[in-house]
Amino acid sequence: MRIILLGPPGAGKGTQAQRLANTLNVVHYATGNLLRTAIANKTPVGLSAQPYMDGGNLVPDQVVIDLLMESIVDFSGFVLDGFPRTVPQGEALSIALPKPVQKVILLDTPEEVIVERLSQRRTCSGCSAPYNLTTKPPKIQHTCDICGCSLVLRNDDKPETIKVRQQRYREDTEPLLNYYQRIISKIDGSKSMLEVEQAIMKAL
Ligand code: AP5
């Protein structure tokens, strides 16, 4: 299946994309993770993207479009998380795909739930897997269950940067809800991880 997960920062896109990719046996592409890897490797894309990300702003469309297109190995099945984030990105994706996106899932998660979740989030410095000190702690303290790298607080998870990211979502990303109106399903993202996953599977 070709699926897009949409939703505000901290809505649970990365968490659900990982679970869906395992269940459906498709690849999970997260542009945030691709960009963080580029930053860690100090590539030209990473160096140019870092100031945007640290400030909570969007990286320019063409940079992200090129990065994702270079990464996709199989256009027939995927879960996209964090892309598209603007209507021009959605249009670029439609042009690039041999077969259209089948479903867009909107994780509708209230702001107060997001603020609480992001304050408790820790992210793997190696594979970017998301953890939560309250709702999804790692098996070994400070250590990723998947790759064993250390867990860190993301640079853009400071309260003032979260506010900028939420504003960018409202202004730049919300227009995509209209763009995808024929294939979008809204899911209550405030429920437990398992309940959200079950609701997504039902919608699919
Ligand atoms: P990105 O990495 O995509 O960040 P985001 O969209 O802000 O989303 P997050 O990763 O913060 O949250 P999430 O929805 O994945 O939630 P998670 O599952 O972690 O982008 C970062 C930056 O990169 C952007 O600001 C921008 O600068 C740049 N960028 C990326 N893509 C771009 C693009 N296409 N164009 C331009 N710029 C781009 O969950 C959050 C927490 O809650 C975790 O702790 C998790 O364990 C917990 N949790 C999740 N679900 C539940 C649940 N149901 N119950 C309880 N806890 C839960």
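Trainee: What makes Thr 31 a polar contact of the ligand?

Mentor: A polar contact is a pair of N or O atoms within 3.5 Å; within protein, one must be able to donate a hydrogen and the other to accept it, and residues adjacent in sequence count only if both atoms are side-chain atoms. An N or O atom in the side chain of Thr 31 sits 2.8 Å from a nitrogen atom of the ligand, so that pair fits the definition. By the way, this is a predicted model: local features need pLDDT of at least 70, side-chain atom pairs count only at pLDDT 80 or more, and totals for chains, interfaces and linings use all residues. Residues are numbered from 1 along each chain as its sequence is written, and side-chain values use heavy atoms, with hydrogens and water left out.

Trainee: Which atoms of Gly 82 come into play with the ligand?

Mentor: For Gly 82, a backbone N or O atom is 2.8 Å from a ligand nitrogen atom.

Trainee: How many residues surround the ligand?

Mentor: There are 33, with Thr 15, Asn 57, Arg 85, Arg 121 and Arg 165 the closest. To count as near, a residue needs a heavy atom within 4 Å.

Trainee: Why is Thr 161 called buried?

Mentor: Buried means under 20% relative accessible area, exposed over 50%, partly exposed in between (1.4 Å probe, protein chains only). Thr 161 has 6% relative accessibility, so Thr 161 counts as buried.

Trainee: What does Thr 161 touch?

Mentor: Leaving out residues up to four places away in sequence, Thr 161 touches Met 53, Asp 54, Gly 55, Gly 56 and Asp 156; contact means heavy atoms within 4.5 Å.
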